[in-house]
Amino acid sequence: MTKDFNDITETGELQQTAMTMLRVIQRHNLPEQQLRRFHHYFVNRGVSVTLAVFRDWITQIQRELDSQASLKELATHWTKRLGERDTFTQQEAEEFHHQYASVLDTNAIIRQPVVIGLAEREAGSPFDVELSQPARNIRWVILYTVKGQATLKAGIRDMRIGPGDVLLLPPNAMYHLNRSPDSARWNHYWLSFHPHTDWRHHLDWPMPAPHVGHVNVPQSERNRIRTILNDLMDNSLHPTAVMHDLEANLLLQFILRCRSYFPDSHHRVSDERVENAKRFVEEHLSEAFTLEQVAEAVYMSPSRLAALFKSHTGLSVFSWRNERRLIQAAHRLRSSDEPISSIGTQLGFSDPTYFSRTFRQHIGCSPKQYRNQQQSDLVGDPII
């Protein structure tokens, strides 16, 4: 059974692991015994990879250091801060864990088709960190919550995530996920993968927020789902000649099971009038327009359009417009050097202060902070 946070800190394992992580990004070669302890630590925390794969990860991290400025800066900072000491205090180890997790670019080290783990995020632990879209994410991610609660922010929407909820996050999803403040823990399986072209169409899921798929597994089916995920983890830890075939089979089983839990409403044919209204909004995104103008363009009364649009999208026409504006703003902040005020103006925010305030309210930081954060994490061309 996975140790809880108190067990870790009592034995000093957290401090030892932090020091090992630091030695990795200082380009030290780890003795075999130390590497095995390091691997064991992560396996105990739900990262299901063999020692050989883990050793390759370490090698890859060190190979990519020259292109990961944030990791190099982290190594320089802590080397100077520790001075002659060869150990962290408990508080320093927690701080280092948080910083390490926030700057490590997993795309640079994870090469295998599927990686799975079980994350146990307890309040106050080093693993209680925000999950968000990496700057150059190229992999799909699935999160399946088994215990506790989390809060998802995507677009301009907030969503409570609990046991049985499955989230599907494609590379272009813009999201922030945190353990909910009123929940002592958030435990979830996570899968990172590249979809096979033969079954990519099975990733068309109900989307309660932009580019975020979601389904809830019925209580009666949750043991079946956990069995599939546990088999995937076991397969990762005990490789055989057919490891990758089993891996692909189990992943597809999981995805197909999730599709069988889709609500009937997902199979409803989209309304052409709603699609036309969306198209009108997209074509006039930077302009001021009224509900009456949108309704006239789709040959409906304003009241009927308002009700129909919300029933299909979950948002009013103008909330949906603002969400699209913010998604476009985030895209342009990531992928261009345009002045922030110019981006806001071109997307219909005539007042830079209002643009900044609206962006901060829904994305969690100012446009400038968002751009700086994305560009500091970026290596090579952005994946949009």
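# Sheet, core and rings in a predicted model

Student: How many bridges join strand 4 (residues 150-154) to strand 7?

Tutor: Keep in mind that this is a predicted model. Strand 4 and strand 7 run antiparallel. One partner pair is alanine 150 with arginine 179 of strand 7. The count of bridges joining strand 4 to strand 7 is 5.

Student: And on the other side of strand 7, which residue is the bridge partner of leucine 131?

Tutor: Strand 2 (residues 131-132) is joined to strand 7 by 2 bridges, and the two run antiparallel. Leucine 131 has its bridge partner in strand 7, and that partner is leucine 177.

Student: How many residues of strand 7 (residues 175-179) are buried?

Tutor: Buried here takes under 20% relative accessible area. Strand 7 comes out mostly covered. Out of its 5 residues, the number that are buried is 4.

Student: Which strands stand at the edges of the sheet?

Tutor: Go by the strand order: this is an open sheet of 4 strands, 2-7-4-5, with antiparallel pairing. A strand at the edge has a single partner strand, so one side of it is left without a neighbour in the sheet. That picks out strand 2 and strand 5 (157-161).

Student: What is the phi of glycine 155, in the turn between strand 4 and strand 5?

Tutor: Strand 4 and strand 5 are joined by 5 bridges and run antiparallel. Leucine 152 stands opposite methionine 159, and alanine 154 has arginine 157 as its bridge partner. The two strands make a hairpin with 2 residues between them, and glycine 155 in that turn has a positive phi of about 65°.

Student: Which side chains of strand 4 point to the buried face?

Tutor: The side chains alternate along strand 4. Thr151 and Lys153 point to one face and are not buried. Pointing to the other face, and buried, are Ala150, Leu152 and Ala154.

Student: Let's move to the core. Which helix gives the most residues to the largest nonpolar core?

Tutor: That core has 32 residues, and those with the most contacts inside it are Val294, Leu305, Phe309, Phe359 and Tyr370. Helix 9 (272-283), helix 10 (291-297), helix 11 (302-313), helix 12 (317-335) and helix 14 (352-363) each supply at least two of its residues. With 7 residues, the one that gives the most is helix 12.

Student: What is valine 294 in contact with, leaving aside its neighbours within four places in sequence?

Tutor: Valine 294 is among the core residues with the most contacts inside the core. Another residue on that list, Leu305, is also one of its contacts. The full set for valine 294 is Ala277, Phe280, Phe289, Leu305 and Val317.

Student: Is the aromatic pair of phenylalanine 280 and phenylalanine 289 stacked or edge-to-face?

Tutor: Both rings are covered: phenylalanine 280 counts as buried at 15% relative accessibility, and phenylalanine 289 has a relative accessible area of 9%. Their centres are 5.6 Å apart, with 80° between the planes. Planes over 60 degrees apart fall in one class, which makes this pair edge-to-face.

Student: What about phenylalanine 88 and phenylalanine 96: what angle lies between the planes?

Tutor: Both of these phenylalanines are buried. They form a tilted pair, 5.2 Å centre to centre, and the angle between the planes is 45°.

Student: Which arginine lies over the face of phenylalanine 349?

Tutor: Phe349 belongs to one aromatic cluster with Tyr354, Phe355, Phe359 and Tyr370. Phenylalanine 289 has its own charge over the face, arginine 321, at 5.5 Å from the ring centre. For phenylalanine 349, the residue at 5.5 Å from the ring centre is arginine 325.

Student: Is glutamate 292 buried or partly exposed?

Tutor: Glutamate 292 is found in helix 10. Its C-alpha atom is 5.5 Å from that of proline 302, 10 residues apart along the chain. The relative accessible area of glutamate 292 is 47%, and between 20% and 50% the label is partly exposed.

Student: Last one: what share of the residues score a pLDDT of at least 70?

Tutor: The average pLDDT of the protein is 83. Residues 1-11 have pLDDT below 50, although that stretch has 21 contacts in the model beyond near neighbours in sequence. Residues 376-384 are also below 50, with 16 such contacts. The share scoring at least 70 is 87%.

Notes
Residues are numbered from 1 along each chain as its sequence is written. Side-chain values use heavy atoms; hydrogens and water are left out. A nonpolar core is a set of buried Ala, Val, Leu, Ile, Met, Phe, Trp, Tyr and Cys residues joined through side-chain atoms within 4.5 Å. Buried means under 20% relative accessible area, exposed over 50%, partly exposed in between (1.4 Å probe, protein chains only). Contact means heavy atoms within 4.5 Å. pLDDT is the predictor's confidence in each residue, from 0 to 100. Rings of Phe, Tyr and Trp (its six-membered ring) pair if their centres lie within 6.5 Å; planes under 30 degrees apart count as stacked, over 60 as edge-to-face and the rest as tilted. A charge sits over a ring if NZ of Lys or CZ of Arg is within 6 Å of the ring centre and within 35 degrees of the ring normal. Two strands pair if DSSP finds at least two bridges between them.
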